[in-house]
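Student: I have a structure to go through and some short questions about it. Can we start with one residue and work outwards?

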Amino acid sequence: MPEPIVTLVRSRSAGVALAVAAALALVSCGTDNDSADEPATARPTAPDTASFSGTPPAPLKSAASSASAAAEAFEASVSAEVERANRAAETELKDVEGQGNAMSDVSMTGMPRSETGGLLAVVVTITNKTDTTASYAAQVDFLDDSGKVVERRYVGAEDLEPGEKAQPLAVSRKPAEPVLTPKLAKAQRY
């Protein structure tokens, strides 16, 4: 009978010794110091840039590509919606005589060319001042210094709630010279 107890004691002793040895090995792996007297400090080392390819890993390139494609698709859909609204505004204004019924609901503010890539652009602010939902169409004429209409742009806002504002842009596609002056020519509520 004494033999099993001795084996058990030896097994426990061996297990404890093994656990202590493993713990010491882990502790000694914790620093790069060769001297036990010096405190451990974190010293990051720079990566070896010679192995860099200059391109991000495939998953990052794919994510960036997807984000770029999504942005382009969104921009295209916004551009298509703006173009559709502008055509609707032009159609709505075809049969309007005079300046229309909404000149007091529409104003314009010029944008600095430094913010528009050198283009002549105006913010057309449309405010629904009625107590019902309404749509608006506006015509902006760009005049030369003699007062001749050189270019015409249409903008619109659909289904504005009472008090709601929309601010479409009217952008001239003509060169910076000769200098043109934007003029609100018509505004119709429908």
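**One residue, then the core**

Tutor: Start with Asp 141, which is found in strand S3, residues 134–143. Keep in mind that this is a predicted model.

Student: Is Asp 141 buried or exposed?

Tutor: Asp 141 counts as buried because its relative accessibility is 6%, and the cut-off for buried is under 20%.

Student: What does its side chain make a polar contact with?

Tutor: The partner is the side chain of Arg 152, at 2.7 Å.

Student: And which residues does Asp 141 touch, leaving out those up to four places away in sequence?

Tutor: Val 149, Glu 151, Arg 152, Thr 181, Pro 182, Lys 183 and Ala 185.

Student: New topic. Which residues in the largest nonpolar core touch the most other members?

Tutor: That core has 19 residues, and the ones touching the most other members are Val 106, Val 124, Ile 126 and Ala 170. Two or more residues come from each of strand S2 (121–127), S3, strand S4 (149–160) and strand S7 (181–189). S3 gives the most, with five residues.

Student: Why would nonpolar side chains be buried together?

Tutor: That is a general tendency in soluble globular proteins.

Student: How many residues are in the other core?

Tutor: Five, and this core lies apart from the largest one. Among its members are Ala 89, Leu 93, Val 96 and Ala 137.

Student: Last thing: what is the mean pLDDT of the chain?

Tutor: The mean is 78, and 59% of the residues reach 70 or more.

Student: Where does pLDDT stay under 50?

Tutor: Over residues 1–35, for which the model has four contacts beyond four places in sequence.

Note on methods:
Residues numbered from 1 in each chain as written. Predicted model: local features only at pLDDT ≥ 70, side-chain atom pairs only at ≥ 80, totals over all residues. Heavy atoms only, no water. Helix = DSSP H or I, 4+ residues; strand = E, 2+ residues; numbered from the N terminus. Buried < 20%, exposed > 50% of the residue type's maximum accessible area, 1.4 Å probe, protein only. Polar contact = N/O pair within 3.5 Å; in protein donor to acceptor, adjacent residues only side chain to side chain. Contact = heavy atoms within 4.5 Å. Core = buried A, V, L, I, M, F, W, Y, C linked by side-chain atoms within 4.5 Å. pLDDT = per-residue confidence, 0-100.
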